[in-house]
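Colleague: Could you pick one part of this model and look at it closely with me? I am new to this, and I would be glad if you explained each term when it comes up.

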Amino acid sequence: MENTSCYIFAFATFGHPNDFRQTPFKYNNPDVAKQIKVFDLSNAIKVFPNSTIYSIRKERIGNSKLISYSIYTFAQEQASKRDGTFIGSSIILENKLAEEKYVIDCLNEFHQKLTENNLVNGVLKVNHSKDFIPNGTLTDFDKIKNPQIEILDLNFNSNNNSLVVYCDTSPNKLELFFKNSIDLLNVYDTIYFTKSNEVAEFVIQKGIFKLIQNVEDKKDFEKEINNLIEERKRKRERSISEFEREVQRINDDKDRTIQEFKTQIEQSERTHFENERKLKESKEDINKIGQFYDDFLNKTNGLISQLRHNNGKLEEVKQIHNNNKILFNNGVGELKRPNYTTTIAKPKPKGNLHTEHTRQDNDNRSSHRTRSNEESEKIGYRIKIYKVATLVLAFLLLATWIYVLFFKTSSETDIETTQNQEQVNTIPQEQIQTPIETTKLEDLNPLPNSKLNDNDFRRVAKNITYQSKIEDVVKVIFDKNPTDIKSNYIGQENKYSKHLIELNKQCFEEKDGLYYFTKDTLRQIPSFKK
Amino acid sequence: MSNDNENLKPLSFENEEELKPLSLENNTTHQSNDDFVPISKGANNEIKNEDSNFVFFFGVSASGKSVILSSILYYLSSQAGVLSPKSGAPNSKEAQVLLADFFENISKGILPNRTTRDQVTRIDLKFEPSNKSKKVPPINLTFLETAGANHQDINKGNQYHSSIDSYLNAKIPLNILIVTSYDSAHKEDSLIYQFLNRLVEKGIESRFVNIILVISKWDLSGKGGVTSEDELESFISERLPMTNNRINAYEFSKTYFTIGKIESNGNTEKITNLNLDSAEIISKWLYECITGYPLDYEGTFWERIKFSF
């Protein structure tokens with residue numbers, strides 16, 4: 001055996017007892033050769049006598065990315081006259097591609113010889129593919145045995161989708177189809193080509209594989225390729241516009257936040273200035289107060305010395321002192337009034353100066369009220385606030401429950417955007433991280449076009465337990481919905497779980513980087529209906 | 001490949017439906033002497049609480065697994081009751097197409113196609129017997145359609161393909177039909193023996209599963225059926241000695257199967273005379289194994305009085 005990056009397989013349906021068997025006649029890595037998926041055909045497509053089916057298939061085995069080019073023609077099993085039986089050959093290229101022209105030439109040549117050597121009147125001569133007599137040499141094998149062309153931009157994850165193209169399969173036409181199919185393998189695992197109307201009609205009748213026509217003016221294959229390009233372009237444009245919208249939103253938020261900050265700062269400056277003025281006035285008042293008290297004290301001291309030296313009549317002095325006291329009391333009342341900082345603007349909720357102002361305010365008032373009075377009033381005031389707040393919060397909680405229970409159908413995206421905006425208003429830094437999170441969410445292929453109905457998500461709900469890991473939840477969803485979900489998204493479990501979390505944020509909690517299903521019911525389970 | 005220069009034209013996909021009259025033999029005449037299959041003791045005497053009752057076919061390619069499956073389905077739905085999709089468990093598109101093919105083809109006398117390797121087509125159905133007795137309740141049936149190649153593969157200690165293995169590893173109620181054909185049974189004694197060993201290795205204890213050995217293509221013997229139990233017994237003990245001992249030891253059931261008369265018509269084979277007698281025997285065995293009551297149970301004492309009115 002030669003060491004090549006090219007594998008050649010021959011296969012057939014042998015009926016009793018071996019059934020479908022495939023054998024590699026040229027291979028590079030025997031482990032890879034052993035694991036190559038069977039080239040058997042499902043009941044979605046059938047080989048008819050005198051018909052030929054070509055196919056191109058993608059497959060990944062470990063680090064090997066394989067593209068198989070196959071041919072199927074009718075062959076009868078030795079011991080039965082069952083229909084849909086076939087003999088086939090396949091050329092498989094590993095990690096690189098070769099010129100399609102030579103691949104087709106080699107494939108046709110190999111298969112031609114295979115059928116010549118192993119069929120008698122259309123009936124298989126042997127009972128197992130390992131007994132096939134293969135073609136010793138292939139004219140152009142040199143040109144494909146070391147493929148050099150890079151495979152660009154092809155996702156080898158399985159999509160579980162197949163396409164059948166009804167078209168001219170002459171080598172020069174097939175060459176172009178194969179060449180253009182590489183891109184299309186992003187959408188389909190296998191693409192079949194046949195010019196047999198029997199095969200095409202069979203495929204249509206079964207309705208499992210999609211069939212398109214590319215004959216005369218029907219150019220569905222080109223359309224399919226264009227659709228792919230368009231779809232890709234649309235996705236890109238959609239992303240661009242989403243990004244732009246986000247940029248715009250964040251810009252707006254930035255302007256608004258800055259404006260708010262400025263206003264607040266101005267307000268605070270004004271308050272601060274006002275406060276400073278008041279402090280200054282208050283300091284001046286201290287002198288005045290001192291002066292006022294001193295005046296009264298001096299007058300009283302004067303009266304005392306008058307009485308000591310018996311310079312005046314006691315009654316008169318008392319009268320004078322009494323008058324002084326009246327004046328003093330009146331004066332004291334007048335003196336204190338300017339000290340009240342009532343004119344200081346009410347503190348803004350977001351102002352840093354808030355607490356200091358309040359304290360100063362209260363301190364100034366303290367001369368008027370006893371401490372205990374003030375405190376009891378404060379406590380009463382707080383209790384009132386708590387009462388009101390409790391009532392309001394209870395009402396809000398009730399409203400939330402009602403909303404969650406009855407109005408949960410409203411679109412999640414709306415909620416998401418408002419949440420994002422709220423975050424911007426309070427903590428601008430976090431907002432920058434949110435768009436990164438959302439851009440990480442890759443689209444599922446195919447894009448979900450439906451969601452599980454009530455019956456179906458209840459069925460899923462019955463089978464998952466709280467505190468399950470997201471992987472287990474997805475496994476249950478896949479197992480319970482093999483057609484609409486599993487068959488479409490197998491291999492995309494990670495992406496699918498991200499979508500699931502995104503759609504049902506309220507149901508999941510993150511612990512140590514893992515998501516757990518913790519509460520509520522999964523109502524938004526994306527699916528794809530053909 | 002030969003017609004490369006032929007001009008191709010777009011197709012106008014119009015489905016031409018052709019319906020052919022059924023050719024059903026009168027079943028009642030044969031019923032008395034055929035109904036001799038020894039019934040294995042049902043694993044449970046009540047309906048299992050499991051999700052469904054799984055029916056698994058073992059046999060090499062072209063041994064008749066798909067023919068037996070389609071005839072059981074046809075018998076159950078055309079004569080014994082109603083077969084409907086199980087609610088809440090939609091079948092895959094492949095399974096739906098397969099089911100449609102089975103029904104459509106068998107009524108036209110067309111034999112089922114070969115089955116694709118490395119994949120299990122699971123068909124979930126609910127069977128509601130037309131028997132009105134309360135002891136004969138509706139049951140869920142899940143048929144697993146597999147390819148002969150995958151069964152042939154277990155030869156010499158090889159493992160089953162993962163798609164089949166997952167069913168054998170799951171703790172589900174299994175009803176296993178081991179199918180081997182009249183003309184090649186003698187070559188498959190060892191393979192069947194290995195399969196029974198494989199079940200033991202997987203921890204599937206014989207007493208918890210229902211197993212029946214079916215000798216298919218009995219028409220190749222030149223007779224429509226067997227005249228006595230001994231005929232089948234002696235065939236099995238002669239052609240399948242190891243399997244036979246095993247089956248007798250565990251008191252598994254044995255029966256034969258024929259779909260009727262098959263004629264070769266040029267390149268294809270067609271059923272010219274559809275006979276559902278043996279499908280009926282297998283269906284009844286299946287039903288009784290699952291529920292513990294025969295499908296044609298005549299009713300309890302009170303029911304019999306009620307029915308007589």
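Modeller: Let's begin with two charged residues: D40(A) is buried, and R114(B) is buried as well. Buried means under 20% relative accessible area, exposed over 50%, and partly exposed in between (1.4 Å probe, protein chains only). Keep in mind that this is a predicted model, where local features need pLDDT of at least 70 and side-chain atom pairs count only at pLDDT 80 or more, while totals for chains, interfaces and linings use all residues. Residues are numbered from 1 along each chain as its sequence is written, chains are lettered from A and ligands numbered from 1 in the order in which they are written, and side-chain values use heavy atoms, with hydrogens and water left out.

Back to our pair. D40(A) and R114(B) form a salt bridge, and their closest N and O atoms are 2.9 Å apart. The term stands for a side-chain nitrogen of Lys or Arg within 4 Å of a carboxyl oxygen of Asp or Glu. This salt bridge crosses between chains: D40(A) sits in the loop between α1 (30-35) and β3 of chain A, and R114(B) in the loop between α3 (93-108) and β3 (121-129) of chain B. Helices (H or I, at least four residues) and strands (E, at least two) are DSSP runs, numbered from the N terminus. Over all chains, the structure holds 37 salt bridges.

Now follow strand β3 of chain A, where you will find I61(A). At 8% relative accessibility, I61(A) counts as buried. What does I61(A) touch, leaving aside its neighbours within four places in sequence? I61(A) is in contact (heavy atoms within 4.5 Å) with V32(A), Q35(A), I36(A) and L66(A). One of these partners, I36(A), is 25 residues from I61(A) in sequence, yet the two C-alpha atoms are 7.4 Å apart in space.

Let's move on to chain B, which has ten helices and nine strands. Of its 309 residues, 53% are buried. Which residue of chain B meets R198(B) in a salt bridge? The partner is E201(B), at 3.2 Å from N to O. Both R198(B) and E201(B) belong to helix α6 (residues 189-201) of chain B, and they are three residues apart, about one turn of the helix. The two ends of this bridge are worth a look one by one. R198(B) counts as buried because its relative accessibility is 6%. E201(B) has a relative accessible area of 59%, so it is exposed.

A further example joins the side chains of K284(B) and D296(B), with 3.1 Å from N to O. Here the salt bridge links distant parts of the chain: K284(B) lies in helix α9 (residues 277-291) of chain B, and D296(B) lies in the loop between α9 and α10 (301-308) of chain B, twelve residues apart. K284(B) has a relative accessible area of 13% and is therefore buried. D296(B), at 44% relative accessibility, counts as partly exposed. Salt bridges can also share partners, and in this way R21(A), R117(B), D118(B) and D153(B) are joined into one network.

As you turn the model, start again from D40(A) and R114(B), both buried, and then find R198(B) and E201(B) in helix α6 of chain B.
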